[in-house]
Structures are given as structure tokens and as C-alpha cells.
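Please follow the chain through its strands, two of its helices and one pocket. The account below takes these in turn.

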Amino acid sequence: MDKLIIEGGKPLKGEVRISGSKNATLPVLAATLLTDETCILRNVPRLLDTNTMIKLLKSLGKDIEWDKDKLIIMSNGKPNPVADYKLVSTMRGSICVLGPLLTKLGEAKVSLPGGCVIGVRPVDLHQKGIEALGAKVRTEGGYIIATAKKLKGARVYLAGASGPSVLGTANIMMAATLAEGETVIECAACEPEVEELANFLNEMGARIRGQGSPRIIIQGVKKLRGADYRMSFDRIEGGTFVLLAAMARSNFLIRDIDYSQLTALDDVLTNIGVQVQVEKNTVRVKSPKVLKPFSITTYPYPGFPTDLQAQYTAIMALTNGVSVIRDTVFPDRFMHIAELSRMGARIRREGGSAIIEGVKELSGAPVTASDLRASAALVMAGLVAKGKTEIRRVYHLDRGYENIDKKLIALGASIKREKE
Ligand code: UD1
């Protein structure tokens, strides 16, 4: 396993390009299981999670080749409905092969992904959705086993106690593309990644409308074809760099970003005193000397994303007052508090909230990355802290941020990667 060693306080300048979206790529890759024809995906981020999904698809009947940032996905003529525990357990995103396998092959046996440090992550909504389409579902030996000769369109209400489910919506939408008749998903997730998946499926010949809204309507078709598609930017990577620029008081240029997908973040930045300049697909930020505290609550899209909560906690550590951060999507997602506190942040947790008393500066310390977005928060803190920060277990970061250390070094950061 690798660790990162950061010498804080170096000025960041120049420009950084935002990579293709991880959270859009994973379900779009799963969607290629719906056809035997070849699919081409462009602007695919080279990440641990992308590679895990590629391995999983290879085990399910695909041959896949990389060509720079392009993936060519072909059928190898040996479809397999079993998604193995070893691959699914390392990445929760792999649950989205369930819908495509079931609707294409009539059966699917997918390992349950298990819990993770950001909290309990149930799959009841995925199960409810495919049952509504007529599948018989049981859990056996750690696997969810679903069968259906032919799925039938239905009306499905797809929200749980914490609101809609992103991958749940993706799964049911994919299953419904080859079902008989019409499916209506009510309380569907509105995240841009769901919209992007629907657009890709429509390129394959699916008949989906309403994507991006809470009601998605899918007219089943007999067959889907191959497609050639370019993935859009990663809005969480984009948001992370915007927050880093604000925290480091740097005005480096952020390229290949569609800022209109980050309106909740933009509103928050205005409230903490940060100005944002948007020109075409680029963004620059201008920060005041001292940031103002501002409390937030995370919500499903278009609310403030839970995937930027840890990074926002890091920035709130350096203000001149008190802020409260509440995560309604994953109320246990606060593993970064203890590590940021080791760097001098004053944060305490109360239930699903973090209460942060801003300090003047952070100091470098040895810390451990607990999950993907928490790792990004620690990198941000390390870059502005006084002295040296050593971040262990950075494989979490490599799951979701393409070439993060190289991108930061190009901006002028002092970062070394070493084996632990
Ligand atoms: C996706 C994203 C993840 C992001 C999350 C919320 C990918 C690969 N991952 O995860 O980065 O943090 O959306 O924006 O796209 N829930 C249930 N029952 C279910 C499914 C979910 O109760 O069957 C709950 C979850 O515990 C959570 C909430 O619903 O409280 C939202 O989770 P969900 O949108 O499903 O997250 P993912 O799609 O797994």
C-alpha cells in the first residue's frame, strides 16, 4: 500500500483538468452487459474502481481493451450471470450489474456488497424495484439471487428513509429497458450520473424519458445495440478542486468542468466569502483572507452532495467561527473528524452532525485515510497545513481521483508517494 507525504504551504498555481466521471462510468460500464454488440466509451478515468469494474465485466462475458482514455467493450460469447464476492466486495458500485444481468439473461447472482466505513449500505430498494418488475428474489450464501423469464413494466416508488437511491435508480432503469411494456420510476434519483446513464442507454436504442427528474419513464424494447459515447466530467473531482482552491487561497484555473452541476456548492461558496469566475468550461476562485463559517446539510441532487461533505468539513476547520455540518444521506460519514483533529482542527460529532470551531491554522501530522472522500479532505488539509503530513492507506484516493498526486505536483504542491 502507498502513502503520501505532503509538505504543506506551497503556493498552488497553473491549471488542472478534471477527468471523466467515475460515478457515471461505473453504471455505464454495467449497461454494456445489455448488448452483445461492441460499445466504445471515451474520456474514461483510469482509476482503481474503473479497473475493478472492468475485471468484473470480463468475468461476466466481456473482452475489454484500453486505448488511451478510450475503452472498447466487446462480447466474448460466454455470458455469465454470477458476480463474484471477491470483485463485488471491494467496490459497492458493482451492485449495478444486477439489473442488466437479470433482464438480459433471465437470472443474476450478485454478491451482496457488505457494509463500509461510511455506514450501513442496504440494497432493499434495488430488490424492491426488480421484484416490482416481476423477478423472484432470494438471498443465499451472501448472494442476491434473482430470476425472471421476462420482466414486466410496472410503477415503482424508489425512495427509502434517506431519500432516493442513485444506483438503485440506475439498476431498475437498466432492468426496465428490456422489460415488456412501460416502467415508471417514482422518486427516482436526479443526479447527473443517472441522467448520463439514461442518455447512454438511449444511444443504445432504449426508450427512456424524464431522466434528471424524479419521474423516469421507460418503454421496454426487444434489443439494445452498441454505442459510442463520451463520459462527461467528474463533478465531485471538480468540486474538490474548487474547494481546494478556496481553502488554499489559490486562483489556479480548473478546466473541463461544467459548473452548472455544482449550484449547491456555488451557493455555499458565496456564503463563506469566496467569489467564483466561470468562463465556458473553466472556473477560477478568489478567496478572502479569512473564510466565514457557514452551516450546511447534505441532500440528494440538486442539494449539497454528501460526496463533498468531508472536503467541506476540512475547509470549515479554517474559519473565524462555528459551523455545523449535517449529513442526511450517510449520517455516519464522519471518519475524517478524528484525523482532521490530529492536524489541529476543532471538531466534535453529535449524532449525524459535525460541529466545527474554526482555527487559524492546521499543522501537519501522520493521518490515515478511511474512505475515498475523507482521503481528499486529508490531502486538502495537508496542502495548507504547516509542516509535513503523512497520509497512510491512500489506495482509497486512487479508487476515485485520477492521478491526483501528479495533478497536484503540476500545480506546485510538494507531494511524494512512497510504499508503506
Ligand atoms: C452513490 C454514489 C456515492 C454517493 C451516493 C449518494 C456511485 C458509484 N456511488 O452511491 O458516491 O455517495 O450515491 O449520493 O455512484 N439506501 C437504502 N436502500 C437501498 C439503497 C440505498 O436505504 O437499497 C440508502 C443509503 O443507505 C443512503 C441513501 O439511500 O442512506 C442513498 O444511497 P444511494 O444513493 O443508494 O448510494 P449509492 O447509489 O450506493
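Helices here are DSSP runs of H or I with at least four residues, numbered from the N terminus. The coordinates come from a predicted model. With that definition, helix α5 covers residues 124-132, and it is followed by G134, whose phi is positive, near 100°. Within α5, the buried residues are L125, H126, G129 and I130. They cover an arc of only 130° around the axis, which puts them on the same side of α5. An α-helix has 3.6 residues a turn, so residues three or four places apart point the same way.

Helix α9, residues 263-272, can be read in a similar manner. Its buried residues are A264, L265, V268, L269 and I272. The arc they cover around the axis is only 135°, which places them on the same side of α9. As for what this side meets, the buried residues of α9 pack against two helices, α8 (235-248) and α10 (309-316), and against two strands, β18 (275-279) and β20 (296-298). After α9 comes G273, with a positive phi near 95°.

The strands come next, starting at the N terminus. Strand β1 spans residues 2-7, and five of its six residues are buried, so β1 is largely enclosed by the rest of the structure. Buried stands for a relative accessible area under 20%. β1 pairs with β26 (residues 414-419) in the antiparallel sense, over six bridges. Four bridges join β1 to β25 (residues 388-392), again antiparallel. L4 can serve as a reference point for both pairings: its bridge partner in β26 is R417, and in β25 L4 stands opposite I391.

Strand β13, residues 182-186, has four of its five residues buried, so β13 too is largely enclosed by the rest of the structure. Which strands does β13 run parallel to, and which antiparallel? Three bridges join β13 to β10 (residues 155-157), and these two strands run parallel. On that side, V156 stands opposite I185 in β13. Five bridges join β13 to β15 (residues 215-219), and this pair runs antiparallel. Here E182 has Q219 of β15 as its bridge partner.

Another set of strands forms an open sheet of four, in the order β6-β7-β9-β8, with mixed pairing. The edges are taken by β6 (82-83) and β8 (136-140), each with a single partner strand, so one side of each is left without a neighbour in the sheet. β8 pairs with β9 (residues 143-147) in the antiparallel sense, over five bridges. One of the positions in this pairing is T139, whose bridge partner in β9 is I144.

The last feature is the second largest pocket, which holds about 470 Å³ of space. What elements give two or more residues to its lining? They are α8 and α12 (372-384). α8 is also one of the elements against which the buried residues of α9 pack. The lining of the pocket comprises 22 residues, and those nearest its centre are M247, R249, L318, K360 and V384. Sorted by class, the lining has twelve nonpolar, four polar and six charged residues.

Terms used. Residues are numbered from 1 along each chain as its sequence is written. This is a predicted model: local features need pLDDT of at least 70, side-chain atom pairs count only at pLDDT 80 or more; totals for chains, interfaces and linings use all residues. Side-chain values use heavy atoms; hydrogens and water are left out. Buried means under 20% relative accessible area, exposed over 50%, partly exposed in between (1.4 Å probe, protein chains only). The arc is that of the directions from the helix axis to the C-beta atoms. Contact means heavy atoms within 4.5 Å. Two strands pair if DSSP finds at least two bridges between them. On a 1 Å grid over the protein atoms alone, a cavity is a set of points where a 1.4 Å probe fits but cannot get out, and a pocket is an open set with protein on both sides within 12 Å along at least five of seven lines; lining residues have an atom within 4 Å of a point. Grid points are joined across faces, edges and corners, and a volume is the space filled by probe spheres set on the points. Ala, Val, Leu, Ile, Met, Phe, Trp, Tyr, Cys and Pro count as nonpolar, Asp, Glu, Lys and Arg as charged, and the others, Gly among them, as polar.
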